[in-house]
2 protein chains.
Amino acid sequence: MAQEELISFDRATIVGPGLLGASIGMCIREKKIADQIWTFARNENKREICEKSEWCDRALSDLKVAVSGSDLVILCTPVDTIRKQLPEICKWVKRGCMVTDVGSLKKEICTIAENLFYKKESFFIGSHPMAGSEKEGMEYASSEIFKHRNCILTPSEYATDRQIKMLTNMWQAVGMQVTEMKAEKHDEMVAWISHLPHVAASALINSLCSQNSYWMEHSGNGLRDTTRIASGNPAMWKEILAGNKKNIAKGIERLITQLNDFKQALITDREDELYNLLDLAKKMRDQLKDD
Amino acid sequence: MAQEELISFDRATIVGPGLLGASIGMCIREKKIADQIWTFARNENKREICEKSEWCDRALSDLKVAVSGSDLVILCTPVDTIRKQLPEICKWVKRGCMVTDVGSLKKEICTIAENLFYKKESFFIGSHPMAGSEKEGMEYASSEIFKHRNCILTPSEYATDRQIKMLTNMWQAVGMQVTEMKAEKHDEMVAWISHLPHVAASALINSLCSQNSYWMEHSGNGLRDTTRIASGNPAMWKEILAGNKKNIAKGIERLITQLNDFKQALITDREDELYNLLDLAKKMRDQLKDD
């Protein structure tokens with residue numbers, strides 16, 4: 001089976017052409033991953049914009065029409081919409097169709113999908129392309145946003161090597177670095193590396209709320225960087241956080257412990273301890289590769 | 001008195017040509033703020049680099065020689081070095097000399113300087129140019145780092161309007177937006193907008209220390225942005241935090257309260273409350289102008 005065979009589709013359907021969905025559409029066009037690209041959007045205005053876009057061949061308001069007959073379906077709607085759409089999509093997709101999503105939580109979606117697709121001739125493997133930003137909406141879409149970013153696949157135990165390879169090739173073609181992980185482990189991991197930072201950034205900027213608002217005008221890049229992600233869509237983030245609450249609560253507890261360590265070192269004048277905390281932080285942070 | 005008169009010096013001396021010092025040197029040359037630019041550096045290697053740099057006319061190892069006869073002296077050494085250098089510099093500078101610093105804490109420095117310069121014919125006004133980054137050292141110096149950034153002056157009650165105007169003009173010529181504030185108020189403000197973010201970023205990345213280090217490889221821009229400033233020099237930050245401990249301890253307490261609000265909303269399934277916290281954070285963050 002040639003590599004090309006694994007990333008060549010007759011028709012791909014993007015369900016929900018937001019920032020990620022439209023960006024994927026652009027990549028699929030650019031990399032010629034599918035001949036035809038259809039999209040499903042509830043909003044008429046969005047459909048019009050899509051149909052005028054170079055990446056989109058047809059924008060449909062009927063989910064059944066949009067996904068039937070496609071051999072690649074990518075769900076780019078919010079997590080709770082994916083949950084509702086999955087049972088229908090599972091009924092409608094054709095034999096051999098590869099279904100995936102881009103949701104930032106995987107355990108629940110993958111459990112639902114596992115039960116639905118079990119013994120079907122189509123299949124579902126969850127994806128979490130870690131791209132995007134605090135910006136949202138099609139207008140920020142770009143085929144560049146996936147480049148050199150991580151994408152995590154969370155295949156069930158029923159996924160075959162060939163299926164995993166197909167999805168891996170698709171994301172690699174888009175420019176991503178792909179790894180596999182159990183859905184449960186994924187959710188635990190993102191609690192620490194994505195959701196806890198969001199809570200920290202939000203709590204930090206909220207801390208300034210009780211202070212003189214004039215102060216914020218004097219902030220430098222430190223506060224800007226540290227709180228940037230707090231600009232994310234609150235409705236979307238509420239859903240993500242609520243969907244991963246146990247893992248995140250553990251993370252918050254740990255962060256509070258760390259903050260208390262700083263506070264104690266400060267108020268008891270233990271400058272060595274303060275230095276050690278800052279030195280550990282620098283060493284940890286320097287391990288993260290910057291763009 | 002013409003505007004030009006206020007920002008034209010015969011000789012400027014940069015004490016400590018690090019990231020900020022060398023960048024100021026470059027600006028002074030570029031904007032022709034002084035005819036001659038001298039610098040004082042303890043390190044021989046640094047002096048050699050300075051003397052080869054276009055901005056620097058002479059690099060000296062003797063502080064007395066470096067500052068005597070200059071009519072602008074800018075202290076760019078760490079806060080505890082400034083504290084030690086001030087009494088000597090005050091003795092050596094010539095009549096009419098304007099002395100300032102770039103320290104990120106102002107109360108202590110300005111109190112020391114006020115006592116030293118009181119009734120002298122030279123004068124000191126504290127500055128805090130809010131530029132620079134987690135990077136440090138001359139090699140990152142650039143005349144661009146001050147552009148559109150805030151600079152806070154903390155004049156004592158003895159500072160004359162003319163003196164304040166001179167210093168204001170100097171920083172404006174460099175590209176900064178200048179405001180005045182009492183030194184004490186400045187230190188309280190930076191605790192919230194600069195030091196607390198540094199503690200938050202450091203505590204956040206330290207929280208991940210107990211977790212699988214493999215996870216960090218999967219982080220996206222969220223964790224990167226939120227923890228970027230934790231890469232700052234731990235020795236320098238230890239000094240800054242220790243010098244402002246009471247204000248920062250209050251900030252940490254407030255941040256912990258905010259984090260507990262998130263945790264409670266999560267574990268008690270109060271999604272409305274969770275939404276409100278995220279929505280407030282977004283509104284607050286959106287007020288910060290991005291670059």
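In chain B of this predicted model, the residue B:Asp269 lies in the loop between α12 (245–267) and α13 (271–286). B:Asp269 is not a glycine, and yet its phi is positive, at about 55°. General experience gives this some context, since most residues other than glycine have a negative phi. With a relative accessibility of 49%, B:Asp269 counts as partly exposed. A second residue of this kind is B:Lys119, whose phi is near 70°, again a positive value in a residue other than glycine. B:Lys119 is found in the loop between α6 (107–117) and β6 (123–124) of chain B, and at 74% relative accessibility B:Lys119 counts as exposed.

**Two helices of chain B**

The helix that follows the loop of B:Asp269 is α13(B), which has 16 residues and reaches 22 Å from its first C-alpha to its last, close to the 22 Å expected at 1.5 Å a residue. Its buried residues are B:Leu274, B:Leu277, B:Leu278, B:Asp279, B:Ala281, B:Met284 and B:Arg285. What covers them comes from both chains, and includes α8 (183–207), α9 (213–216), α10 (221–227) and α11 (234–242) of chain A together with α12 of chain B.

Helix α5 of chain B runs over residues 79–92, and its 14 residues should span 20 Å at 1.5 Å a residue, which agrees with the 20 Å between its end C-alpha atoms. Where does a kink lie in α5(B)? A kink of about 40° is placed at B:Gln85, shortly before the proline B:Pro87. B:Gln85 is also among the buried residues of α5(B), together with B:Val79, B:Thr81, B:Ile82, B:Leu86, B:Ile89 and B:Cys90.

**The two chains and their core**

How are the two chains related? Chain A can be laid on chain B by a turn of 180° and a shift of 0.0 Å along the axis, with an RMSD of 0.0 Å. That is the relation of a two-fold axis. Of the residues of chain A, A:Thr226 comes closest to the rotation axis, with its C-alpha at 1.9 Å. The same surface serves both copies, for 100% of the contact residues of chain A recur in chain B.

The largest nonpolar core has 78 residues, and those with the most contacts inside it are A:Ile252, A:Leu259, B:Ile252 and B:Leu259. Leaving out residues up to four places away in sequence, B:Ile252 touches A:Leu259, A:Phe262, A:Lys263 and A:Leu266 of chain A, as well as B:Leu196 and B:Val199 of chain B.

**Chain A as a whole**

Chain A has 13 helices and 9 strands, and its C-alpha atoms fill a box of roughly 70 × 40 × 30 Å, taken along the principal axes. Of its 291 residues, 58% count as buried. Among the contacts in chain A with a separation of 6 or more, 74% are between residues 24 or more positions apart.

One example of a link between distant parts of the sequence is A:Ala34, which is found in strand β2 (residues 34–40) of chain A. Its C-alpha atom is separated by 4.4 Å from that of A:Phe9, although the two are 25 residues apart along the chain. Neighbours within four places in sequence aside, A:Ala34 is in contact with A:Phe9, A:Asp10, A:Arg11, A:Ala12 and A:Ile28. In chain B, B:Arg29 belongs to helix α2 (residues 19–30), and its contacts, counted without neighbours within four places in sequence, are B:Asp35, B:Gln36, B:Ile37, B:Glu54, B:Trp55, B:Cys56 and B:Asp57.

The relative accessible areas of four buried residues are set out below.

| Residue | Relative accessible area | State |
|---|---|---|
| A:Ala34 | 5% | buried |
| B:Arg29 | 19% | buried |
| A:Cys56 | 5% | buried |
| B:Cys97 | 0% | buried |

B:Arg29 counts as buried because its value of 19% is under the cut-off of 20%.

**Cysteines**

How many disulfides does the structure hold? Over all chains there are 0 disulfides. A:Cys56 is in no disulfide, and the nearest cysteine sulfur, that of A:Cys50, is 5.0 Å away. B:Cys97 is likewise in no disulfide, with the nearest cysteine sulfur, that of B:Cys90, 10 Å away.

Methods:
Residues are numbered from 1 along each chain as its sequence is written. Chains are lettered from A and ligands numbered from 1 in the order in which they are written. This is a predicted model: local features need pLDDT of at least 70, side-chain atom pairs count only at pLDDT 80 or more; totals for chains, interfaces and linings use all residues. Side-chain values use heavy atoms; hydrogens and water are left out. A nonpolar core is a set of buried Ala, Val, Leu, Ile, Met, Phe, Trp, Tyr and Cys residues joined through side-chain atoms within 4.5 Å. Buried means under 20% relative accessible area, exposed over 50%, partly exposed in between (1.4 Å probe, protein chains only). Contact means heavy atoms within 4.5 Å. A disulfide is a pair of cysteine sulfur atoms within 2.5 Å. Copies are superposed by least squares on the C-alpha atoms of residues with pLDDT of at least 70 in both. Helices (H or I, at least four residues) and strands (E, at least two) are DSSP runs, numbered from the N terminus. The expected span of a helix is 1.5 Å times one less than its number of residues. The bend at a residue is the angle between axes fitted to the seven residues ending there and the seven starting there.
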